[in-house]
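Q: I have a structure in front of me that I have never seen before, and I would like to learn how to read its features one at a time. Could you take me through it with care?

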Amino acid sequence: MVWIHGGGFESGGTIDPNFDCFNLVKENPDVVFVTIAYRLGVMGFLHLSHLSDGKDYQDSQNLGLLDQQMALKWVHDNIAGFGGNPDDVTIFGESAGAACCSMQSLVKGSQKYFKRLIAESGSVGLTRSPEEGAAFTNKLMAKLGCKTVADLLSLDAQTLLDAATSELFLHQIPERDGRILPSEPWEALANGEAKNIDMLVGCNKDEMNFFVSSFGLEEWDKWATKRKSEQFDHLPAEEKTLLESYMSQFTGSNWEPDSRLFGQSWFIVPTIKTSEEQTKGGGKCYTYYFTPESTNPITKCGHSIELPIVFNQSAASGDAGREYDATFSKTMRKMWIQFAKTGNPSLSAAESPDGKAKEWPLYDTTDKMVMVLDEFNIHPARESEVKIVDWERTYWVTKYHML
């Protein structure tokens, strides 16, 4: 099992103690765990080919993805020496790492290095167009007073990173360049380009609340206002009306309508969209909906709070602020491992930590079955029963990728 870390494509790393696999190995000594690094931010996702001296930088916009591909190749070529099976590799990740796992299923040449993927709160929707990539580069160049790649290369790395963080926060993401990534990744999934890769994908109930809590209410309001001015305000009137109608139902806190909007467009709708398109393409997809809440009244069941469960680490000092039920946690991990081993996360009564069978149905485009990861009641349900997405008012937002 190969972990690809998250961090918005701008931060994070294999050194993060939250991704220490010691407890996973101790619990699953028959599994080999690997964590991999890749270039981030401006070093991994900067569009340069449109510049006057950019012809030699045709891949710069997706170097991070190519780094991951090379790491997967290394695992394929060498993992037998560590007791692993190169023909039975599952990649798994969360947030940007989940998006990267999903994208690797469409990156030319990557599929031969793995057979399954687990994507926690991330999808091929976390991408930009080449036009957006060029515009972001131009914005950075103006900030730095640069006109060419040579000008950029003359700067020290810290100056470049600081400027990119200031100007391009959450815009330094993979690009639908038509070369490394398909120009239309949703269409590629629907056409069966990843049908040979088994998928387990899911999202958390209150995804964007994590960002509200971590930014702080004042900074969140500034960010959401700016983001809406860049994206939302330019939508056709009828689309804005649909989203405004969706947002109007959330009246508890003044930050919640924006949090729900971006949670749907960035993470929740794309999870169901992945399930739909992968299934249409003839592939297998298992889908989950994670619902346990943290002690933080803002974070609730926010982005990434499931990670301590996955890595078998304490959640008391993290975003959850408490320990999860031990049997629930062990069951969830067992399903992740079962999927990696067999391609099916279902557990028999003998395999399930609570002694009760957990039959996880495949997602299908009729019943749209998901597994609800409720802390005290793991159970399958139709999406219509759980109401994960709003099919009329928000499902269409994936055409804009990151709204």
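Q: How many cavities of 30 Å³ or more does the structure hold?

A: Rolling a probe the size of a water molecule over the atoms shows where empty space is left. In this structure, which is a predicted model, there are four cavities of 30 Å³ or more.

Q: Before going further into those spaces, what average pLDDT does the protein have, and where is confidence lowest and where highest?

A: Where pLDDT is low, the predicted coordinates should not be read in detail. Here the average for the protein is 97, and 100% of the residues score at least 70. Helix H7 has the lowest confidence, with a mean of 95, while strand E4, residues 116-120, has the highest, at 99.

Q: Which residues lie nearest the centre of the largest cavity, and how much space lies in that cavity?

A: About 90 Å³ of space lies in the largest cavity, and of the 13 residues that line it, the ones nearest its centre are Arg128, Glu132, Ile173, Arg227 and Met402. Sorted by class, this lining is made up of five nonpolar, four polar and four charged residues.

Q: What volume does the second largest cavity have, and which residues line it?

A: The second largest cavity has a volume of about 50 Å³, and its lining consists of Met1, Leu24, Phe33, Phe92, Val310, Arg333, Trp336 and Ile337. Helix H14, residues 326-342, contributes the largest share of that lining, namely three residues. When the lining of the second largest cavity is sorted by class, seven residues are nonpolar, none is polar and one is charged.

Q: Turning to the pockets, what is the volume of the largest pocket, and how many residues line it?

A: The volume of the largest pocket is about 690 Å³. Its lining has 34 residues, and Gly7, Glu94, Phe210, His303 and Ser304 are the ones that lie nearest the centre. By class, the lining of the largest pocket holds 17 nonpolar, 13 polar and four charged residues.

Q: Which helices each supply at least two residues of the lining of the largest pocket, and which element gives the most?

A: At least two residues each come from helix H9 (209-215), helix H12 (256-280) and helix H13 (307-310). Of the elements that contribute to the lining of the largest pocket, H9 gives the most, with four residues.

Q: How should I describe the second largest pocket, and what lines it?

A: About 300 Å³ of space lies in the second largest pocket. It is lined by 16 residues, with Val42, Met43, Leu48, Leu153 and Leu160 nearest its centre. Two or more lining residues come from each of helix H2 (41-44), helix H6 (149-153) and helix H7 (157-168), and H6 gives the most, with three. The classes in the lining of the second largest pocket are twelve nonpolar, one polar and three charged.

Q: Helix H12 came up in the lining of the largest pocket; at roughly what angle do the axes of H11 and H12 cross?

A: Two packed helices are described by the angle between their axes and the distance between the axes. The axes of helix H11, residues 237-247, and H12 come within 9 Å and cross at roughly 120°. That angle makes H11 oblique to H12, and the crossing of the two is right-handed.

Q: How do H10 and H12 cross, and is their crossing left-handed or right-handed?

A: Helix H10, residues 217-230, and H12 have axes that come within 11 Å and cross at roughly 60°. H10 is therefore oblique to H12, and H10 passes H12 in a left-handed crossing.

Q: Since H7 also lines the second largest pocket, how do the axes of H5 and H7 cross?

A: The axes of helix H5, residues 130-144, and H7 come within 10 Å, with a crossing angle of roughly 125°. H5 and H7 are therefore oblique to each other, and H5 passes H7 in a right-handed crossing.

How values were computed
Residues numbered from 1 in each chain as written. Predicted model: local features only at pLDDT ≥ 70, side-chain atom pairs only at ≥ 80, totals over all residues. Heavy atoms only, no water. 1 Å grid on protein atoms, 1.4 Å probe; cavity = no way out; pocket = protein on both sides within 12 Å on 5 of 7 lines; lining within 4 Å. Points joined across faces, edges and corners; volume = space filled by probe spheres on them. Nonpolar A, V, L, I, M, F, W, Y, C, P; charged D, E, K, R; others polar. pLDDT = per-residue confidence, 0-100. Axes fitted to C-alpha atoms, helices over the stretch in contact; angles between N-to-C directions. Parallel < 35°, antiparallel > 145°, perpendicular 65-115°, else oblique. Left-handed = near helix turned anticlockwise from the far one by under 90°.
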